[in-house]
Amino acid sequence: EKRGEYKKASDIADLIDWRKEKDNSMLNLVGGIYEIVGDFAKAKEVLIYAYEKTPMGRQIAYKLCLLSVKTDELEDADEFYSDFVDMSPLDTSKYILQYEIAKAKGENDEKLMSILEDFVERDMDDKWAFELAKLYAKNDKSQKCVELCDEICLWFNEGIYVKKALELKLKFAPLTKRQLKRLE
């Protein structure tokens, strides 16, 4: 089983002093292994070593922001978010980071919907559009939910989030014949 192999790899990684490693791709790999086995604190620690060696690493800043949210270190998350946006102000991934931070801080659903609306307006993504549709459903915005579910189906045609969107739409409105066939 792959999970066991990752656990063995993380056990071996525990024996190494990663502060001395100069190869950022190796640090990224080890950080990824720790993340897969659920040791977010060690993943973050190793990626910080890589980040310190490459201050222009927007992908590392992105990952460190998410790991900071997972480890409930929200001040760090805010800092890595700022770094990410400074390095890449036009990257729409900033909305995902904003959303994850806001959610971890317990922001209300209106705030969360606003962030995802900004994202979906600029970069249609089935996973995040479905997340927004669920928030609409939860907050008695059934018309917006139905419209977004239809849009997800139109944009992506198939996949797990298309199926979930169709199932969610069914709670508020009938499906078209084409949509019914997708559920079969």
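A salt bridge is a side-chain nitrogen of Lys or Arg within 4 Å of a carboxyl oxygen of Asp or Glu. The legends below apply this term to a predicted model.

**Figure 1. The whole chain is built from helices.** The secondary structure of this predicted model comes to 11 helices and 0 strands, so that, read from the N terminus, one α element follows another along the chain. Taken along the principal axes, the C-alpha atoms fill a box of roughly 60 × 40 × 25 Å. Of the 184 residues in the chain, 41% count as buried, and the accessible surface comes to about 10900 Å², with 50% of that surface belonging to carbon and sulfur atoms. When contacts between residues at least 6 apart in sequence are considered, 47% of them join residues at least 24 apart. The chain carries 31 positive and 38 negative charges, and the mean positions of these two sets are 5 Å apart.

**Figure 2. Lysine 94 is a buried charge without a salt bridge.** This view shows lysine 94 in helix H6, which covers residues 93–104. Which side chain of opposite charge is nearest to lysine 94? It is that of aspartate 91, at 8.4 Å, and because a salt bridge requires the nitrogen and the carboxyl oxygen to be within 4 Å, lysine 94 has none, although it is buried. Leaving aside residues up to four places away in sequence, lysine 94 touches Tyr81, Phe84, Val85 and Pro89.

**Figure 3. The largest nonpolar core draws on several helices.** In soluble globular proteins, nonpolar side chains tend to be buried together. The largest nonpolar core of this chain has 29 residues, and those with the most contacts inside it are Tyr99, Val120, Leu132, Cys145, Leu148, Ile152 and Leu168. Two or more residues are given to this core by each of H6, helix H7 (109–122), helix H8 (126–138), helix H9 (142–156) and helix H10 (160–169). The largest share, 8 residues, comes from H8. Apart from this core lies another one, of 25 residues, which includes Cys65, Tyr81, Leu97 and Ile101.

**Figure 4. Leucine 168 and the residues it touches.** Leucine 168 is one of the residues with the most contacts inside the largest nonpolar core. When residues up to four places away in sequence are not counted, leucine 168 touches Phe130, Ala133, Lys134, Ala137, Cys145 and Cys149.

**Figure 5. A salt bridge within one helix, and a linked network.** The structure holds 16 salt bridges, and one of them joins lysine 7 to aspartate 11, with the closest N and O atoms 2.9 Å apart. Both residues lie in helix H1, which covers residues 2–13, and they are 4 residues apart, about one turn of the helix. Lysine 7 counts as partly exposed, at 45% relative accessibility, and aspartate 11 also counts as partly exposed, at 36%. Elsewhere, a network of salt bridges links Asp14, Asp39 and Lys42.

**Figure 6. Two salt bridges join residues of separate helices.** Lysine 103 forms a salt bridge with glutamate 131, their closest N and O atoms being 4.0 Å apart. This pair links distant parts of the chain, since lysine 103 lies in helix H6 and glutamate 131 in helix H8, 28 residues apart. Lysine 103 is partly exposed at 45% relative accessibility, whereas glutamate 131 is buried, with a relative accessible area of 16%. In the second pair, lysine 138 forms a salt bridge with aspartate 109, and here the closest N and O atoms are 3.1 Å apart. Because lysine 138 lies in helix H8 and aspartate 109 in helix H7, this pair ties together parts that are 29 residues apart in sequence. Is lysine 138 buried or exposed? At 58% relative accessibility, lysine 138 counts as exposed, while its partner aspartate 109, at 15%, counts as buried.

**Figure 7. Two loop aspartates have a positive phi.** Aspartate 72 is found in the loop between helix H4 (58–70) and helix H5 (74–87), and its phi is near 60°, a positive value in a residue other than glycine. With a relative accessible area of 58%, aspartate 72 is exposed. Aspartate 140 sits in the loop between H8 and H9, and although it is not a glycine, it has a positive phi of about 55°. At 74% relative accessibility, aspartate 140 counts as exposed, because the limit for that class is over 50%.

Terms used. Residues numbered from 1 in each chain as written. Predicted model: local features only at pLDDT ≥ 70, side-chain atom pairs only at ≥ 80, totals over all residues. Heavy atoms only, no water. Buried < 20%, exposed > 50% of the residue type's maximum accessible area, 1.4 Å probe, protein only. Contact = heavy atoms within 4.5 Å. Areas by Shrake-Rupley, 256 points an atom, 1.4 Å probe, with all protein chains shown as cover. Lys, Arg positive; Asp, Glu negative; His and termini not counted. Charge placed at Lys NZ, Arg CZ, Asp CG, Glu CD. Core = buried A, V, L, I, M, F, W, Y, C linked by side-chain atoms within 4.5 Å.
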